[in-house]
Amino acid sequence: MKIIDILKREEMSLSFEVFPPKKETSYDSVKSATEEIAKLKPSFMSVTYGAGGGTSAYTLDIGKNIKDNYGVPLLAHLTCISSSKDAVKAQIDAIKAAGIKNVMALRGDIPEDMKDEDRSNWDYNHAYELIEQLKNDDYDFCIGGACYPEVHPESENQSEDIKSLKTKVDAGVDFLTTQMVFDNNLFFNFMYKLREAGVTVPVVPGIMPITNANQVERAIKLSGAFMPQRFKAMVDKFGSDPVAMRQAGIAYATDQIIDLYANGITNVHVYSMNKPDVAKGIYDNLTDILGKRF
Ligand code: FAD
């Protein structure tokens, strides 16, 4: 099933993101965690893709298992930076052969040791080039793209970032998913600016439940996201008590999701980080709202 058809529905829903194992020894535990999340029957699940391509085969193995054995529509992530056109084509063909209909088309982060290189002869510099490659009638994919309510770190300012985003969407993006936000107002303000700039595709907000104080630093480093005072107070108060922090983090994410639903967003994407207990905790808080019982 194509994700764009799910996003056109009026009913509220949740989708979850998981990541593939980095090494063979963790394959079984990651696979079983993703299966537990799939059993919640989210609207769709996404599986990330290592920028260096190290986990490329696992993205498809894990994704195909979720789709074929649990009936959950699947979004396979794909990055292109520092890859050749041929290598990317081989991965696109493998996604198609696995019967996956949805691709999240990403550039990927520029590796630290390549940041100063002359990139003029690279096969890809930006995600729109991958999107043009995917936008081929033989493939017929539903294509997702990434967007940044708090501005991508390489952009000079928000208007430049949104201008580039418009180019990317015009290359063939069907929907966008945001970088994590901890303050919904930033998401709503971003939405106004996107619509003003003529970006009209559905935008799915990404919510990261922080259930462990150690996650905070990494989440900020990865996303540059603003931490509202009430979020910081929560981590200050409960961060040293893992059980309390887990409950508080699930409650904070649930509160954000309810506010998004209340303001007209129908599908929220949860960065569930291979944690079935967290995914289930959020789902359990929303059963009456979503009308689902497990
Ligand atoms: P782009 O759209 O190319 O944007 C990158 C920068 O270039 C931005 O500053 C943009 O404004 C600018 N730009 C874009 N087009 C142009 C243009 N035509 N001219 C000039 N400037 C331009 N990383 C992974 O490795 N694996 C994953 O699975 C993964 N999943 C992600 C999922 C989501 C929802 C998000 C938000 C991010 C994800 N990332 C993932 C991280 C992502 O790869 C990085 O943020 C990366 O630095 C940018 O990728 P992009 O696709 O947004 O790139």
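Begin this tour of a predicted model by selecting Ile289, which is partly exposed, with a relative accessible area of 35%. Ile289 sits in helix α12, the stretch of residues 287-290. Add Met12 and Ile258 to the selection, and you will have a nonpolar patch on the surface, in which these two residues and Ile289 together offer about 200 Å² of accessible area.

From the surface, move to His269, which belongs to strand β8 (residues 267-271). Is His269 buried or exposed? Its relative accessibility is 2%, so His269 counts as buried. Show the side chains here, and look for the polar contact of 2.7 Å between His269 and Ser15, and then for another, of 3.3 Å, between the side chains of His269 and Glu17. If you display the residues in contact with His269, leaving aside its neighbours within four places in sequence, you will find among them Phe16, Phe44, Ser46, Thr177 and Val204, as well as Gly206.

Gly206 is the next stop, in strand β7, which covers residues 203-207. With a relative accessible area of 0%, Gly206 is buried. Apart from residues up to four places away in sequence, Gly206 touches Thr178, Gln179, Met180 and Val181, and also His269 and Tyr271. A distance drawn from the C-alpha atom of Gly206 to that of Glu17 should read 9.4 Å, although 189 residues separate the two along the chain.

Now select Thr59, within helix α3 (residues 56-70), where a relative accessibility of 1% means that Thr59 counts as buried. The side chain of Thr59 reaches the backbone oxygen of Thr48 at 2.7 Å. Beyond its neighbours within four places in sequence, Thr59 is in contact with Pro20, Val47, Thr48, Tyr49 and His77. For a view across the model, draw a line from the C-alpha of Thr59 to that of Ala225, which lies 166 residues apart from it in sequence and 26 Å apart in space.

The cysteines come next. How many disulfides does the structure hold? There are zero; Cys80 is in none, and the nearest cysteine sulfur, that of Cys147, is 17 Å away. Cys80 counts as buried, at 0% relative accessibility. Cys142 also has Cys147 as the residue with the closest cysteine sulfur, but the two sulfurs are 14 Å apart, which is too far for a bond. At 1% relative accessibility, Cys142 counts as buried.

Finish with the charged pairs, of which the structure holds 13 as salt bridges. Select Lys8 and Asp5, whose side chains meet at 3.9 Å, N to O; Lys8 is exposed, with a relative accessible area of 61%, while Asp5, at 38%, counts as partly exposed.

Go on to helix α2 (residues 27-38), where Lys31 and Glu35 lie four residues apart, about one turn of the helix. Their side chains form a salt bridge of 3.9 Å, N to O. Lys31 counts as partly exposed at 27% relative accessibility, whereas Glu35 is buried, with a relative accessible area of 16%.

Then select Arg246 and Asp277, whose salt bridge spans 2.8 Å, N to O. This pair links distant parts of the chain, 31 residues apart, with Arg246 in helix α10 (residues 242-262) and Asp277 in helix α11 (residues 276-285). Arg246 is partly exposed, with a relative accessible area of 31%, and Asp277 is partly exposed as well, at 38%. As a last selection, take Lys64, Lys67 and Asp68, which are joined into one network by salt bridges that share partners.

Notes. Residues numbered from 1 in each chain as written. Predicted model: local features only at pLDDT ≥ 70, side-chain atom pairs only at ≥ 80, totals over all residues. Heavy atoms only, no water. Helix = DSSP H or I, 4+ residues; strand = E, 2+ residues; numbered from the N terminus. Buried < 20%, exposed > 50% of the residue type's maximum accessible area, 1.4 Å probe, protein only. Polar contact = N/O pair within 3.5 Å; in protein donor to acceptor, adjacent residues only side chain to side chain. Contact = heavy atoms within 4.5 Å. Disulfide = S-S within 2.5 Å. Patch = residues over 30% accessible without salt bridge, like charges linked within 9 Å, V, L, I, M, F, W, Y side chains within 5 Å. Areas by Shrake-Rupley, 256 points an atom, 1.4 Å probe, with all protein chains shown as cover. Salt bridge = Lys/Arg side-chain N within 4 Å of Asp/Glu carboxyl O.
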